[in-house]
Amino acid sequence: MAVYGFATRGAVQAQSAGAGALSGRAVGVFTDPNQLGTFSAVLLMIAWAQALVARNWPIRILAILCAVLSAVNLVVSFSRGAWLGAFAGALLLMVLTVKYYRKWTLRIVALATVVGIPAFLIAAPPESSLVTGRLLSIFEPGSNPNDNRPFIYREAYRQIQEHPVLGQGPGSFSPTSLLAERTGMAVDAVHAHNLFLQVAAEAGVVAAALLVMFAAVLAQQTWKMWTEVPRYEAAMGMGLVSALLSVLVQGMVDYTLGNPILYFLVWIVLGALFAVTKRARDAKTNRFEEGTVQ
């Protein structure tokens, strides 16, 4: 999927001043470049963690190859939200694992800095200049004339106020924004460009509150897992957490989980993380039972 994603990139060109809107971005098997960005960020975090904890070279080489391909696709997707998510996930993974996997963490960072970045600058100079412009456009909310987030957010708030408890119904954000009476600029957005606003608009504030509670409980269980299971399992678990964090951070400025591939991918990652956290709960229970017997 990563190889195909890279093959779908075209001649990337700016559609407006700066790099707020680009044409020719890679999409892969998805319908939107931002969805490819989500997919690539998730796989990058998991592959990175696998490369750290691998106990034999074939698995480590395969994980490194997957991480490299995912990183390349992340770049050519030109998804600013996915870049922010990947940065947050990578930072968390490095901070938590460097103590136990310092050698390999430093090697991976050095490989990306010394080899990866110069190779990209040499191999694709037009794309590299657009990457810089794309990063700078993060601080210009109105840089994309086709993607007016502040106005879309106001429309999301309007929909939430209209049906706050149960929302407008699944998949109804776009048709509701087109049919509703309002003044000013017409809204023609596929989604709310925010994970929590999307959930609140379509399923209600109760569902959005449950989502926040779910994330908080998962964070608590993850911390317990980090202190209870063997380090190689904990590091792999943190790779899964970093993958979810990348989705969450991107979800602050975008919404890509309407794609079924990504929707089920996130649930697969959650299921794998639940398996690791269950090990932590079982280990704590066993120690409690042993202490009671003694």
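Is P150 buried, partly exposed or exposed? The model in front of you is a predicted one, and in this model P150 has a relative accessibility of 36%, so P150 counts as partly exposed, a class that lies between the cut-offs of 20% and 50%. When you look for P150 in the structure, you will find the residue in helix α7, a helix that covers residues 149-162.

From P150 you can move to H193, a residue that is 43 positions away in sequence, although the C-alpha atoms of P150 and H193 are 9.7 Å apart in space. H193 sits in the loop between α8 and α9, and its relative accessible area of 10% is under the limit of 20%, which means that H193 is classed as buried. The backbone of H193 also deserves a look, since its phi angle is positive, at about 60°, although H193 is not a glycine.

A second residue with a positive phi can be found in another loop. F78, which is likewise a residue other than glycine, has a phi near 55°, and F78 lies in the loop that joins α3 (57-76) to α4 (80-97). With a relative accessibility of 1%, F78 counts as buried.

Returning to helix α7, you can follow a set of charged side chains. The count of salt bridges in the model comes to 2, and E155, R158 and E162 are linked by such bridges in a network. In one of the bridges, E155 pairs with R158, and the closest N and O atoms are 2.8 Å apart; in another, R158 pairs with E162, with the closest N and O atoms 3.1 Å apart. Why are E155 and R158 separated by about one helical turn? The reason is that E155 and R158 are 3 residues apart in helix α7. A similar argument applies to R158 and E162, because these residues are 4 apart in helix α7 and are therefore also separated by about one helical turn. The members of the network are covered to various degrees: E155 is buried at 3% relative accessibility, R158 is partly exposed at 21%, and E162 is partly exposed at 42%.

The next step leads to a pair of helices further along the chain. Two packed helices are described by the angle between their axes and by the distance between those axes. For α9, which spans residues 195-203, and helix α10, which spans residues 205-228, the axes come within 6 Å and cross at roughly 140°. Which residues of α9 and α10 meet? From α9 come L195, F196, V199, A200 and A203, and from α10 come V205, A207, A208, L211 and V212. Sorted by type, the residues of this contact are 10 nonpolar, no polar and no charged.

Nonpolar side chains are also found on the surface of the model. V165, L166, V205, V206, L210 and M213 form a nonpolar patch there, and together these residues have about 590 Å² of accessible area. V205 therefore appears both in this patch and among the α10 residues that meet α9. Another member of the patch, V165, lies in the loop between α7 and α8 (173-179), and V165 is classed as exposed because its relative accessible area, 51%, is over the cut-off of 50%.

Notes:
Residues numbered from 1 in each chain as written. Predicted model: local features only at pLDDT ≥ 70, side-chain atom pairs only at ≥ 80, totals over all residues. Heavy atoms only, no water. Patch = residues over 30% accessible without salt bridge, like charges linked within 9 Å, V, L, I, M, F, W, Y side chains within 5 Å. Areas by Shrake-Rupley, 256 points an atom, 1.4 Å probe, with all protein chains shown as cover. Salt bridge = Lys/Arg side-chain N within 4 Å of Asp/Glu carboxyl O. Helix = DSSP H or I, 4+ residues; strand = E, 2+ residues; numbered from the N terminus. Buried < 20%, exposed > 50% of the residue type's maximum accessible area, 1.4 Å probe, protein only. Axes fitted to C-alpha atoms, helices over the stretch in contact; angles between N-to-C directions. Contact = heavy atoms within 4.5 Å. Nonpolar A, V, L, I, M, F, W, Y, C, P; charged D, E, K, R; others polar.
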